[in-house]
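Got your viewer open? Let's take a short walk through this model, one selection at a time.

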Amino acid sequence: TQELLALIYDMALRRLVEEKEYPREMLESGLRFDPFFSIRGLAVDRENGWICHLSYTHKVASAWEGRHRVSRPNLMAEYSGKRSLSPSERK
């Protein structure tokens with residue numbers, strides 16, 4: 001249900017801030033679960049802080065910095081020529 005998804009989102013957000021040292025402003029900014037924002041096939045690029053949507057071949061199809069889409073030229077500059085991670089390397 002939408003209420004369960006919102007609860008999971010809120011708990012994950014709180015954990016990121018309290019246990020993983022994400023900025024406290026994330027809790028104070030009023031972020032709320034958005035059922036229309038993509039949730040499947042996502043990975044976090046910890047170096048850039050981008051939320052990446054992966055293709056079925058595990059390549060970055062698009063990326064987001066907050067709610068702002070990363071431009072195609074920036075994606076190409078960051079990921080061109082880099083190999084995909086094997087399943088055992090993905091966490």
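Which residues does Leu-31 touch, not counting residues up to four places away in sequence? Select Leu-31 and show its surroundings: the contacts are Tyr-9, Leu-13 and Met-26. Keep in mind as you look that this is a predicted model.

Stay with Leu-31 for a moment. You will find Leu-31 in the loop between α2 (25-28) and β1 (42-45). Its relative accessible area is 28%, so Leu-31 counts as partly exposed, a class that lies between under 20% and over 50%. Now add Asp-10 to the selection: 21 residues separate Asp-10 and Leu-31 along the chain, yet their C-alpha atoms are 8.6 Å apart.

Next, switch to cartoon view and find the sheet. Four strands make up this open sheet, with antiparallel pairing and the order β1-β2-β3-β4. At the edges sit β1 and β4 (68-69), each of which pairs on one side only. Zoom in on β3 (residues 60-65) and β4, which are antiparallel and joined by two bridges. For one bridge, pick Glu-65 and look for His-68, its partner in β4.

Now bring α3 into view. This helix lies across β1, β2 and β3, and runs at about 110° to β3.

Finally, select Trp-50, Cys-52, Ala-63, Val-70, Leu-75 and Tyr-79: these six residues form the largest nonpolar core. Both β2 (50-54) and α3 (72-79) supply at least two residues of this core. End your tour on Leu-75, whose contacts beyond four places in sequence include Trp-50, Ala-63 and Val-70, along with Val-60 and Ser-80.

Terms used:
Residues numbered from 1 in each chain as written. Predicted model: local features only at pLDDT ≥ 70, side-chain atom pairs only at ≥ 80, totals over all residues. Heavy atoms only, no water. Core = buried A, V, L, I, M, F, W, Y, C linked by side-chain atoms within 4.5 Å. Buried < 20%, exposed > 50% of the residue type's maximum accessible area, 1.4 Å probe, protein only. Contact = heavy atoms within 4.5 Å. Pairing = 2+ DSSP bridges. Axes fitted to C-alpha atoms, helices over the stretch in contact; angles between N-to-C directions.
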